[in-house]
Amino acid sequence: MTEDHEHHHDGHGHHPEAPSELEARVLALESLLIEKGLLTSQDVDQVISVYEHDIGPMIGARVVAHAWVDPAYRSRLLDDASAAVRELGLTYPTSTQLVVVADRPEVHNVIVCTLCSCYPWAMLGLPPTWYKSAPYRSRMVSEPRVVLEEFGLRLPTSTAVNVWDSSSDLRYMVLPERPEGTEGWSEEQLASIVTRDCMIGVARPQIPAGKAVG
Ligand code: FE
């Protein structure tokens, strides 16, 4: 998965339905590999499906939930995220470095790739379309509070916003704060409220109505 190593700029006069230069190159490569018998289109669909459904944000959510219940693990995660992910028996590729940034009451973290679409896909699966959009990439840097409000996340003015710019060899992921009212929850229950958007930093974990204990 090296899809985001090309730092290209899109949206300049493309017909919305026409593939971008990068998409056209990917399609050309895929056709060639299939034609040469090196790959079938089922192989391609299967890999995409793994990232969309099997991985999704599940790995990231498991890591966050474990960090919430185990303070020593949390420290190791913030110190060396890739090693901490592997410690749970999960895989993290050696090709890129992962850095986990923790929210605190006075600091909220959010991730972006200003150049293209670098994303911690090994933790969160495929990025949402908006993450790759030019407005998100530029406005999250120039006016993060406004963009977060558009996502429905209103932060107190006393909370600082740290924006982390990912690159092809350094990916960030947000460790949100554990919400109040989740005391006594199992790791599985905790992981269920850690969404992809929480680990990008455009949302915070929410307790579904009726799920609060006590
Ligand atoms: Fe990028």
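**Notebook: G60, the core and the iron site**

I started at G60, which lies in helix α3. The model is predicted, so I keep that in mind for every entry.

**Entry on G60.** Is G60 buried or exposed? I looked up its relative accessible area and found 0%. The cut-off for buried is under 20%, so G60 counts as buried. Next I listed its contacts, leaving aside neighbours within four places in sequence. G60 is in contact with M123, L124, M173 and M199. I then checked the pair G60 and M199 by C-alpha atoms. They are 139 residues apart along the chain, yet the separation is 7.4 Å.

**Entry on the core.** I turned to the largest nonpolar core, which has 51 residues. Which members touch the most other members? I found M123 and Y136. Helix α3, residues 58-69, gives the most to this core, with seven residues. M123 also appears among the contacts of G60. For Y136 I wrote out the contacts, not counting residues up to four places away in sequence. Y136 touches V110, I111 and V112, among others. W130, Y131, V147 and F151 are also on its list, as are I200 and V202. As background, I noted that nonpolar side chains tend to be buried together in soluble globular proteins.

**Entry on the strands.** I looked at strand β4, residues 170-175. Five of its six residues are buried, so the strand is largely enclosed by the rest of the structure. What joins β4 to strand β1, residues 97-102? I found six bridges, and the two strands run parallel. I noted one pairing by name: Q97 has L170 in β4 as its bridge partner.

**Entry on the iron site.** Which residues coordinate the iron ion? I found the SG atoms of C113, C116 and C118. The distances run from 2.1 to 2.3 Å. Along the chain, the donors follow the spacing C-x2-C-x1-C. I then checked burial for two of these cysteines. C116 and C118 are both buried. For C116 the relative accessible area is 4%, which is under the 20% cut-off, so the label holds.

**Entry on the cysteines.** I also looked up C198. Its relative accessible area is 1%, so C198 is buried. How many disulfides are there? The count comes to zero. The rule asks for a pair of cysteine sulfur atoms within 2.5 Å, so no pair passes it.

Definitions and conventions
Residues are numbered from 1 along each chain as its sequence is written. This is a predicted model: local features need pLDDT of at least 70, side-chain atom pairs count only at pLDDT 80 or more; totals for chains, interfaces and linings use all residues. Side-chain values use heavy atoms; hydrogens and water are left out. Donors are N, O and S atoms within 2.8 Å of the metal (3.2 Å for Na, K and Ca); water is not among the atoms, so sites may look incomplete. Buried means under 20% relative accessible area, exposed over 50%, partly exposed in between (1.4 Å probe, protein chains only). Helices (H or I, at least four residues) and strands (E, at least two) are DSSP runs, numbered from the N terminus. Two strands pair if DSSP finds at least two bridges between them. A nonpolar core is a set of buried Ala, Val, Leu, Ile, Met, Phe, Trp, Tyr and Cys residues joined through side-chain atoms within 4.5 Å. Contact means heavy atoms within 4.5 Å.
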